[in-house]
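Reader: I have a sequence and its coordinates on my screen, and I would like to be walked through them slowly. Could we take them by question and answer?

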Amino acid sequence: MNMETYPTPNMVEQDFQKILEAVSFMDRIIFGGIIYSKEVNAYEGHRYFYNERAAEVIYFCEKRGMDYHIKEKTITEE
């Protein structure tokens, strides 16, 4: 399941845990943020937001024995 480019809440508000549960039947989740977007960069805390979502994907997948890939530059230093 490819979950990129995942929007920040100022673009679309979503229940991330519900989305993860909905795709829990997949073998692998690929997650990435929208890196080059003025709208994303305007969202205060966008780096934190993507770091947290990536951590949720990792935890979710490891707990279920699923494969995952976090796209380059999704996890950043704040």
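Author: What follows is a set of questions and answers on a predicted model.

Reader: In what order do the 3 strands of the open sheet lie?

Author: The edge strands are β1, covering 2–6, and β3, covering 67–70, and each of these pairs on one side only. β2, at residues 28–33, is joined to β1 by 3 bridges and to β3 by 4 bridges, with a parallel run in both cases. Neighbouring strands of the sheet are turned by 10° against each other on average, direction ignored. The order in this open, parallel sheet is therefore, given that strands pair if there are at least two bridges between them, β1-β2-β3.

Reader: Which residue of β2 stands opposite Y6, so that I can line up the strands on my screen?

Author: The register can be followed from several opposed pairs, one of which places N2 opposite I30 in β2. On the side of β3, R28 stands opposite D67. For Y6, the residue that stands opposite in β2 is G33.

Reader: What is the handedness of the β-α-β unit that β1, helix α1 and β2 make?

Author: The helix in this unit, α1, takes up residues 16–22, and the two strands, β1 and β2, run parallel and are joined by 3 bridges. The unit made by β1, α1 and β2 is right-handed.

Reader: Which element gives the most residues to the largest nonpolar core?

Author: In soluble globular proteins, nonpolar side chains tend to be buried together. The largest nonpolar core here has 18 residues, of which M3, Y6, I29, F31 and V57 touch the most other members. β1, α1, β2 and α3 each supply at least two residues of this core. The element that gives the most, with 6 residues, is α3.

Reader: Which residues of α3 does F31 contact, leaving aside its neighbours within four places in sequence?

Author: Helix α3 runs over 46–64, and the contacts of F31 beyond its sequence neighbours include M3, E4, Y6 and F16, as well as H69, I70, K71 and T74. Those that fall within the span of α3 are Y50, R53, A54 and V57.

Reader: How far apart are the end C-alpha atoms of α3, and what span should its 19 residues have?

Author: Helix α3 has 19 residues, and the expected span takes 1.5 Å times one less than the number of residues, so α3 should span 27 Å. Just after α3, G65 takes a positive phi of about 70°. The distance between the end C-alpha atoms of α3 agrees with the expected span, at 27 Å.

Reader: Is H46 buried or exposed?

Author: H46 has its place in helix α3, where F49, Y50 and N51 are among the other buried residues, and what covers the buried residues of α3 includes β1, α1, β2, α2 and β3. Leaving aside neighbours within four places in sequence, H46 is in contact with T8, V40 and N41, whereas N2, 44 residues apart from H46 in sequence, is 20 Å apart in space, C-alpha to C-alpha. Because buried means under 20% relative accessible area, H46, at 16% relative accessibility, counts as buried.

Reader: Where does T76 lie, and what relative accessibility does T76 have?

Author: T76 lies in the segment after β3, and, leaving aside neighbours within four places in sequence, T76 is in contact with R47 and N51. The C-alpha atoms of T76 and Q17, 59 residues apart along the chain, are separated by 21 Å. T76 counts as partly exposed, because its relative accessibility is 27%.

Reader: Which peptide bond is cis, and what phi does K73 have?

Author: Most residues other than glycine have a negative phi, and most peptide bonds are trans. The bond from E4 to T5 is cis, with omega near -5°, and T5 lies in strand β1. K73 is found in the segment after β3 and, at 47% relative accessibility, counts as partly exposed. Although K73 is not a glycine, its phi is positive, at about 75°.

Definitions and conventions. Residues numbered from 1 in each chain as written. Predicted model: local features only at pLDDT ≥ 70, side-chain atom pairs only at ≥ 80, totals over all residues. Heavy atoms only, no water. Axes fitted to C-alpha atoms, helices over the stretch in contact; angles between N-to-C directions. Right-handed = clockwise from strand over helix to strand, strands pointing away. Core = buried A, V, L, I, M, F, W, Y, C linked by side-chain atoms within 4.5 Å. Buried < 20%, exposed > 50% of the residue type's maximum accessible area, 1.4 Å probe, protein only. Contact = heavy atoms within 4.5 Å.
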